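User: Please take a close look at a single part of this structure, the surroundings of one side chain, and then place that part beside a helix packing elsewhere in the chain. Please explain each term as it arises.

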Amino acid sequence: MKDKIQLPLFKDFDGYSPKYHFFKNSLLGQVHDSIPWDALVACLPEARTGRGAPSWFGGKGMFALMFLKSYLNISDRQLLERYNTDWSLQYFCGKVLAENQQIKDMTIMTRIRAYLEKHCEWENFQEVLISHWKQDVNNSHVLLMDASCYESFIRYPTDVKLLWESCVWVFEKQLFRVCGEMGIARPRSKYREQKIAQMGYSRKRKNSFKETLRRRKALVYLLGKGMGQLQQILNRFQGAGLGLADYARFAVVKKVHQQQEFLLDNPPSALKDRIVSLHKPYLRPIVRGKENKPVEFGAKAHILQVDGLTFIDKLDFNAFNECTRLKLSVAKHKRFFGPAKQLGADRIYATNKNRSFCTDHKIFTCFPKKGPRKHDKSEKILSSEISRQRATVMEGVFGTHKEHYGLRKIRVKGEKREKLMIFFGIMAANAVKIAKRRAEKESPPEQKAA
């Protein structure tokens, strides 16, 4: 019998103490004041109940922990361990632990992400935050845009690795286990011989193309035979104790076998929706064309920036051409900030359609000039300044997100959960920027001069 979860004795803080005064004047307290908690909580269902919902922590507490995880750039366990000993984090969440009490349930963050992905969409949260922060935007007529890939935490995928992982799952984790539970003999296969061959292949520092092709063909044959044997036993014993998650994984393995069999005779470019990870089947290879990293595996994001604040236009695990998003991005900007007068983007956006659209709407861009007429001196200065802002501020934001807000390698599993982590990482960076901007405005003139 499992032990019951011991809930901590929370108490809502509504009084004054010297610690609370220090918290309100710290950067973390200023970040807390820059977030519209009530509007975010209003996006959640009124009855926060159901399987796994940490309703006793409160709606604000759930959002606050998600912001803190990105702000501190630490793991779930480290966050909860620090929460138990750091009164500033307790003030940030609005829930102060009673004396001699601590959070012992280390699955809270997992359950919070599961609850948010089930009941909410990150687009609704972003609209709330944009509506609250747009009062702090000065140069709202300037729109910058670019795309980046927020990578997922997986080892670099190859066809041989993917096929062998599928074989291990079919034979060791399912077929052999089911045969033992049902008391029947294991069907004959070459799994032991292929396991030895796989170990020899993995130990080699370099393998030739012929060796790799031979290994792929052998694993495709082995996987097909193992899937057929497992399916026969499942049909014979009516499921044989497999759960829903196992059946979902079995469907992914079948698709992997089908795709790898197709790739033996066809080029990779002819295959759509290629699976590169058995544990994260929603990932797709994103060809970025970078010198040191031509292909990335994660979510591709089209990012908009207005006066230093960053927002998501589109977030998808399938590759898309960002230049087709220019018209929609301008429309989104007009909806929240008014019409855009200046636009900064790299050369991939400078298509004839986008140029005509910007000319019709009187939007000045940093695109290279076409035709005999060149920029005059003032236009040249403005164009170079927009290009500089895009190349420094816009490109620098991606590095800031990945280095300081936990978006270098996203470790959570699940398509919606990864998108939530990306969203909260970007919004945490915005909240810090808003907090610093407001603190600079409120500081006395002599302090600014110093």
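Analyst: The answer below begins with the basis of the model, then turns to the residue and afterwards to the helices.

The model is predicted: local features need pLDDT of at least 70, side-chain atom pairs count only at pLDDT 80 or more, and totals for chains, interfaces and linings use all residues. Residues are numbered from 1 along each chain as its sequence is written, and side-chain values use heavy atoms, with hydrogens and water left out.

Asp313 lies in strand S6, residues 309–316; helices (H or I, at least four residues) and strands (E, at least two) are DSSP runs numbered from the N terminus. Asp313 has 5% relative accessibility and therefore counts as buried (under 20% relative accessible area, 1.4 Å probe, protein chains only). Apart from neighbours within four places in sequence, Asp313 is in contact with His302, Leu304, Arg325, Ser329 and Lys332, contact being heavy atoms within 4.5 Å. The Asp313 side chain makes polar contacts with the side chains of Arg325, at 2.9 Å, and Ser329, at 3.3 Å; such a contact is a pair of N or O atoms within 3.5 Å, one able to donate a hydrogen and the other to accept it.

Elsewhere, helix H4 (residues 59–72) and helix H16 (residues 415–442) pack at an angle of about 80 degrees, their axes 8 Å apart; axes are lines fitted to C-alpha atoms over the stretch in contact, and angles run from 0 to 180 degrees between N-to-C directions. H4 and H16 are therefore roughly perpendicular, a term for 65 to 115 degrees. Among the residues that meet are Phe63 and Phe67 in H4 and Met421 and Phe424 in H16.

How values were computed:
Angles under 35 degrees count as roughly parallel, over 145 as roughly antiparallel, 65 to 115 as roughly perpendicular and the rest as oblique. Buried means under 20% relative accessible area, exposed over 50%, partly exposed in between (1.4 Å probe, protein chains only).
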